[in-house]
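Here are my notes on this model, set out as numbered points for you to check against the coordinates. I begin with a pair of helices and come to the annotated positions afterwards.

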Amino acid sequence: MENGKCNGGATAKLPEIKFTKLFINGQFLDAASGKTFETIDPRNGEVIAKIAAGDKEDVDLAVNAARHAFDHGPWPRMTGFERARIINKYTDLIQQNIEELAALDAVDGGKLFQVGKMNDIPAAAGHFRYYAGAADKIHGETLRMTRPSLFGYTLKEPIGVVGHIIPWNFPSIMFAMKVAPALAAGCTMVVKPAEQTPLSALFYAHLSKEAGFPDGVINVVTGFGSTAGAAIASHMDIDKVSFTGSTDVGRKIMQAAATSNLKKVSLELGGKSPLLIFDDADVNKAAELALLGCFYNKGEICVASSRVFVQEAIYDKVVAKMVEKVKDWTVGDPFDSTSRQGPQVDKKQHEKVLSYIEHGKNEGATLLTGGNAIGDKGYYIEPTIFADVTEDMKIYKEEIFGPVMSLMKFKTIEEGIKCANNTKYGLAAGIVSQNVDVINTVSRSIKAGVIWVNCYFAFDLDSPYGGYKMSGNCRESGMDALDSYLQVKSIAMPLHNSPWM
């Protein structure tokens with residue numbers, strides 16, 4: 001970023017858009033209504049392509065296909081080894097198409113192309129490879145019954161037809177995070193990608209056909225949350241819905257599930273994550289972690305460390321270092337390799353973030369850096385840091401989902417813990433300290449599902465991820481995610497004349 005202008009842009013090339021229709025029962029189809037919607041390039045506000053606008057009728061078709069594939073098809077009846085073979089082939093195809101998938105997410109969602117190639121798409125492939133390895137290790141238990149006349153055991157069975165509603169900030173990773181464990185469990189599914197970023201999900205649908213998944217196992221219905229998403233949440237023939245997104249929408253999905261067929265619901269929702277920097281921290285490292293935690297992926301990440309608390313002894317040093325370092329946080333075209341931050345996903349999100357910045361100014365926070373839109377084309381915003389933020393301000397309380405940091409100071413460990421927990425959310429938190437006693441006390445006291453110590457965004461395939469409080473009710477990744485797509489069946493039978501008790 002230089003003089004209010006974005007780096008790059010002029011030389012960036014659009015990827016070829018190959019798939020724009022719904023994917024139902026192994027075929028690409030127009031929406032039943034014939035309607036389409038435009039997906040927009042956030043670099044310039046221009047139309048990339050017109051996408052099929054699925055609604056209730058299309059969701060019904062997709063659910064029927066998924067139900068037939070589950071009730072009568074081979075997928076849930078295959079051995080785990082056979083399912084793993086197909087999932088591994090799917091993974092190979094994803095790895096062969098990394099560049100194209102990264103380009104689709106970059107042009108559709110403003111995500112950095114190089115980061116997509118090095119992180120997002122390999123991470124998506126990693127999820128499929130991980131759960132392929134788990135598919136043949138699903139088993140129940142032999143029970144030690146309290147009644148000696150009974151023999152008992154359990155089975156773990158796939159839950160059935162799943163509806164996945166995925167967000168726009170990490171289209172590829174979230175597709176894999178939900179679809180991979182459900183496939184390994186033997187479920188069939190209907191996936192609704194966010195209307196802002198439908199392109200990569202349709203490409204993944206195409207690859208699923210090449211990989212050899214039976215028709216109806218994976219279905220992708222593009223469309224709007226208020227129509228296609230609502231139809232999934234309230235559908236009487238879907239056994240479970242998995243949703244990542246805002247807390248407000250998560251509440252609506254849970255209500256729809258309750259008033260329809262009481263389907264199981266997994267929710268990974270919003271956050272307002274704290275980063276606590278203690279006075280023994282390395283100032284340079286702390287500043288780097290704070291900037292990364294808040295501004296990575298242009299702040300469009302539910303675990304963003306948007307509330308940064310610094311112990312007062314080093315507060316001034318950390319603030320000065322962050323203000324210095326943020327000057328090198330280059331905003332620009334996501335296809336430019338020098339960019340560290342691309343555009344917000346769309347005009348609506350761009351305007352929302354700018355409105356929060358205005359609230360911060362009007363409510364009395366001190367603007368240290370940033371605070372403005374960049375350029376006259378596209379949805380770019382300067383990385384913005386506010387100091388002197390108080391707990392009654394909107395920028396302190398509400399999830400902004402943009403590159404806006406609230407910076408505060410604290411005195412004692414107890415005060416730091418109280419500040420961290422002063423939120424309705426509980427998704428993640430970060431701690432920067434060299435004192436193992438401080439680390440243990442604080443990590444056990446913060447009410448959040450993930451705690452990162454002297455690091456941030458330390459995701460791992462084997463590490464469960466999810467929230468406390470209003471940040472959701474599920475765990476993604478690890479074996480916890482696989483278990484969420486399985487249900488336990490107990491079987492008991494009489495035991496006669498056994499020599500063993």
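1. In this predicted model, helix H2 (residues 80-96) packs with helix H4 (residues 113-134) at an angle of about 170°, and their axes are 8 Å apart. That angle makes H2 roughly antiparallel to H4, since angles over 145 degrees are counted in that class. The crossing in which H2 passes H4 is left-handed.

2. The contact of these two helices can be followed residue by residue: from H2 come Ala 84, Ile 87, Asn 88, Tyr 90, Thr 91, Asp 92, Ile 94 and Gln 95, and they meet Ile 121, Ala 125, Phe 128, Arg 129 and Ala 132 in H4. Sorted by class, the residues of this contact of H2 with H4 comprise 8 nonpolar, 3 polar and 2 charged. As background to such spacings, an α-helix has 3.6 residues a turn, so residues three or four places apart point the same way.

3. A second helix pair is arranged at another angle: the axes of helix H5 (residues 171-185) and helix H6 (residues 199-211) cross at roughly 45° and come within 9 Å. H5 and H6 are therefore oblique to each other, and their crossing is right-handed. On the H5 side Pro 171, Ser 172 and Phe 175 take part, meeting Ser 200, Ala 201 and Tyr 204 in H6; by class, this contact of H5 with H6 has 4 nonpolar and 2 polar residues, with no charged ones.

4. Helix H7 (residues 225-233) should be viewed together with its surroundings, as Ala 228, Gly 229, Ala 231, Ile 232 and Ala 233 in this helix are buried. The buried residues of H7 pack against helices H1 (56-71) and H8 (247-259) and against strands S7 (161-165), S8 (188-192) and S10 (240-244).

5. Where does Glu 268 lie, and is Glu 268 buried or exposed? Glu 268 is placed in strand S11 (residues 264-268) and is buried, with a relative accessible area of 1%, which means that it falls under the 20% cut-off. An unreviewed UniProt entry covers Glu 268 with the annotation "active site".

6. Apart from neighbours within four places in sequence, Glu 268 is in contact with Met 174, Phe 243, Thr 244, Gly 245, Cys 302, Leu 427, Tyr 465, Ser 471, Cys 474 and Glu 476.

7. For the annotated domain, "Aldehyde dehydrogenase", the unreviewed UniProt entry lists residues 30-491. Over residues 30-491 the chain is 40% helix and 20% strand, and the C-alpha atoms at the ends are 45 Å apart.

Notes. Residues are numbered from 1 along each chain as its sequence is written. This is a predicted model: local features need pLDDT of at least 70, side-chain atom pairs count only at pLDDT 80 or more; totals for chains, interfaces and linings use all residues. Side-chain values use heavy atoms; hydrogens and water are left out. Axes are lines fitted to C-alpha atoms, for helices over the stretch in contact, and angles run from 0 to 180 degrees between N-to-C directions. Helices (H or I, at least four residues) and strands (E, at least two) are DSSP runs, numbered from the N terminus. Angles under 35 degrees count as roughly parallel, over 145 as roughly antiparallel, 65 to 115 as roughly perpendicular and the rest as oblique. A crossing is left-handed if the near helix is turned anticlockwise from the far one by less than a right angle, and right-handed if clockwise. Contact means heavy atoms within 4.5 Å. Ala, Val, Leu, Ile, Met, Phe, Trp, Tyr, Cys and Pro count as nonpolar, Asp, Glu, Lys and Arg as charged, and the others, Gly among them, as polar. UniProt positions are given in the numbering used here, feature names are shortened, and annotations may be inferred rather than shown by experiment. Buried means under 20% relative accessible area, exposed over 50%, partly exposed in between (1.4 Å probe, protein chains only).
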